[in-house]
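Reader: I would like a close look at one part of this model, the place where the two chains meet. Could you walk me through it in one go, and then place it within the chain it belongs to?

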Amino acid sequence: MTVTNFQPATQEEHFSPESHVVPVSLYVVIWATLMVCTALTVFAASVDLGIFNIVVALVIATFKGTLVVLFFMHLRYSTKLTMITVIAALFWLFIMFSLSMTDYLTRAWSTYG
Amino acid sequence: MATSDLQIAEHNLQHHFADMEQQQETSTFGMWMFLLTEIMFFGGLFTAYLVYRSSYYTAFVEGSQKMNIWLGATNTAVLICSSLTMALGVRAAQTGKPKLMVVLLLITILFGLGFLGIKAVEYHEHWTNHEFPGPNFHFETGDPAHPPTDPQHTEIYFSLYWAMTGLHALHMVIGVGLVSWIIIMGLRRAYSPSYYSPVEIVGLYWHFVDLVWIYLFPLLYLISKKHG
């Protein structure tokens, strides 16, 4: 963050945002990992794991999503403010899921109450 | 290159920002705030999916058996490839290679259109099989020994399938439009290493749409082991 930097900078500093250039090789490694994980998730779906099919599928999807967000979307190289924004999004999504489900999963209780 | 880079930066630095770095951080942060609202937007549909799936699991499994896993997996791979070319395109803009950026973004658009084409094939198949919710909805498991247990609730599965993939496809169409705009601006040499925020931001949008599909694919296509 350079909010406090109100001093006139030299031209060189002035026009050169310090953005991180990710090496091409890293992008290719991330791409290859994502492709392997896609194959893995299709294979896992061909095995009958009962209730664990969805657990495996979601773990793989979350791993893939994390790679996309950290590297393709540059979150790993972003400011803390951006990281907090992403964490806030996940937190509010969690609230929506959990509060909705505490309602729907407990409705039958009144039948036995 | 150095002179034009400076000119592009001077031309694009808005007066209310101290420098290009602050301006770029602000626009990236703004895009993430927008993506946060997008997460909540799709999140509503994911919540509906969660509620109905937990209530009508068997009906959802029967519906998901109608999905073509191979077309779905191919589309997942197509989107991942498009994300790679998009990331490399942003990198090309960042490192001052406008021609390379235009080429990579054109490939990204081709992948995007390929995704929509495959999706259209799937939609056509579901449409002709009466797997579209409404008065003409009709559901058969395809196995006479196992008639559908709960067609009404399988209709809910298909409602969510069309709504979620439809909203996602709409985002893809918008994404293709945005990338086309970046290509046109790239041909006009509008970006340079000191000013490429629009490329970065459209990249974020494209990767986000990929991210949504990474969850849609297992949740809609891979609910349970594929039978038959």
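**Where chain A meets chain B**

Author: Happily. Between chain A and chain B there are 5 residue pairs in polar contact, counting pairs in which both residues have pLDDT 80 or more. That confidence condition applies here because this is a predicted model. Salt bridges between chain A and chain B come to 0.

Which parts of chain A make up the side that touches chain B? Four helices each supply at least two residues to it: helix 1 (11–14), helix 2 (24–45), helix 3 (52–72) and helix 4 (80–104). The most comes from helix 4 of chain A, which gives 13 residues to that side.

Now for the extent of the interface. The size of an interface is often given as the accessible area lost when the parts come together. For chain A and chain B, the buried area is about 5,100 Å², and carbon and sulfur atoms give 75% of that. In terms of residues, 55 from chain A are in contact with 60 from chain B.

For a single residue to look at, try Asp48(A). You will find Asp48(A) in the loop between helix 2 and helix 3 of chain A. Setting aside neighbours within four places in sequence, Asp48(A) has contacts with Asn53(A) in its own chain and with Lys225(B) across in the other. As a distance to check on your screen, the C-alpha atoms of Asp48(A) and Lys64(A) are 22 Å apart, with these positions 16 residues apart along the chain.

Stepping back to chain A as a whole, its secondary structure consists of 5 helices and 0 strands, so the order of elements from the N terminus reads α-α-α-α-α under the DSSP-run numbering of helices and strands. The domain assignment splits chain A into domain 1 (22–73) and domain 2 (78–104). Between the C-alpha centres of these two domains of chain A there is a distance of 21 Å.

A few overall values complete the picture. Chain A has 113 residues, and 33% of them are buried. Its accessible surface is about 7,200 Å², with 72% belonging to carbon and sulfur atoms. Among the contacts in chain A with a separation of 6 or more, 56% join residues 24 or more positions apart.

How values were computed: Residues numbered from 1 in each chain as written. Chains lettered and ligands numbered in written order. Predicted model: local features only at pLDDT ≥ 70, side-chain atom pairs only at ≥ 80, totals over all residues. Heavy atoms only, no water. Domains from an automatic or database assignment. Buried < 20%, exposed > 50% of the residue type's maximum accessible area, 1.4 Å probe, protein only. Contact = heavy atoms within 4.5 Å. Areas by Shrake-Rupley, 256 points an atom, 1.4 Å probe, with all protein chains shown as cover. Buried area = accessible area lost by both parts, 1.4 Å probe. Salt bridge = Lys/Arg side-chain N within 4 Å of Asp/Glu carboxyl O. Polar contact = N/O pair within 3.5 Å; in protein donor to acceptor, adjacent residues only side chain to side chain.
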